[in-house]
Amino acid sequence: MNRKKWIWIAVGLLAAALLACGGLIGTVVYLSLRHLNVQRVSVESADREFEQVRARFAGKIPLIEIDEGDWERPRIHQPPEAVAAHAPLQTMHIMAWNERDGKLVKMDLPFWILRLNTRYKSYVFSSNDFGDLERLNLSAEDLERYGPGLLVDHRGRRGERVLVWTD
């Protein structure tokens, strides 16, 4: 083959790769925005939403406990080894309230996305999430073994609140 054909083939392959990357990025952005809801609400309305979710887990302690005074050292309450059989987890729900901004953020993360994280033995939490949760070594498999339930219920000194649960 002559040289011009190889150049056109290379340009065509490069263009196809760029289109594929653009499509993948667009899909990820679309899915992320579809599962994200940010709204301004009153303190009473936010408290009501948190209490409705928290009522589902009445009497249960969260898997991860974050003390107000020691944000950098969260504790994990190990689930019992013999957990009853349950269906695979479908969604991780995150609800966060910032009293200063009056914003309530809700995000529903499909659990299959967490299963895709194969780096670091599929650890779900990293040091960028809540303090230094990377030391907890929680993987998607650990959360599935724990089953549906409350992962984090934290109320900060400045009125912020974070609730994370799976189902």
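Me: Which side chain meets Glu 51 in a salt bridge at 3.9 Å, N to O?

Reply: General idea to start with: side chains of opposite charge can pair when their charged atoms come close. In this predicted model, the partner at that distance is Arg 155. Glu 51 sits in helix H2 (residues 43-55) and Arg 155 in strand E6, so their contact ties together parts that are 104 residues apart in sequence.

Me: Are the two partners buried or exposed?

Reply: In between, for both. Glu 51 is partly exposed at a relative accessible area of 40%, and Arg 155 is partly exposed too, at 44%.

Me: What other salt bridge does Glu 51 form?

Reply: One with Arg 161, where the closest N and O atoms are 3.2 Å apart. Arg 161 belongs to strand E7 and Glu 51 to helix H2, so this pair links parts that are 110 residues apart in sequence. Check the burial here: Arg 161 has a relative accessible area of 4%, so it counts as buried, the cut-off being under 20%.

Me: Where does Asp 153 fit in, and which residue does it pair with?

Reply: Asp 153 pairs with Arg 54, with 2.6 Å between the closest N and O atoms. Asp 153 lies in strand E6 and Arg 54 in helix H2, so again distant stretches get tied together, 99 residues apart in sequence. Asp 153 is partly exposed, at 21% relative accessibility.

Me: Which residues end up in one network of salt bridges?

Reply: Follow the shared partners and you get Glu 51, Arg 54, Asp 153, Arg 155 and Arg 161 joined together. For context, a search of the whole structure turns up six salt bridges.

Me: Now the nonpolar side. Which residues touch the most other members of the largest core?

Reply: The general idea again: in soluble globular proteins, nonpolar side chains tend to be buried together. Here the largest nonpolar core has 15 residues, and Met 92, Leu 143 and Leu 151 touch the most other members. Helix H3 (111-116), helix H4 (140-146), strand E6 (149-155) and strand E7 (161-166) each give two or more residues to that core.

Me: What lies apart from it?

Reply: Another core, this one of eleven residues. Val 41, Val 53, Trp 97 and Trp 165 are among them.

Definitions and conventions: Residues are numbered from 1 along each chain as its sequence is written. This is a predicted model: local features need pLDDT of at least 70, side-chain atom pairs count only at pLDDT 80 or more; totals for chains, interfaces and linings use all residues. Side-chain values use heavy atoms; hydrogens and water are left out. A nonpolar core is a set of buried Ala, Val, Leu, Ile, Met, Phe, Trp, Tyr and Cys residues joined through side-chain atoms within 4.5 Å. Buried means under 20% relative accessible area, exposed over 50%, partly exposed in between (1.4 Å probe, protein chains only). Helices (H or I, at least four residues) and strands (E, at least two) are DSSP runs, numbered from the N terminus. A salt bridge is a side-chain nitrogen of Lys or Arg within 4 Å of a carboxyl oxygen of Asp or Glu.
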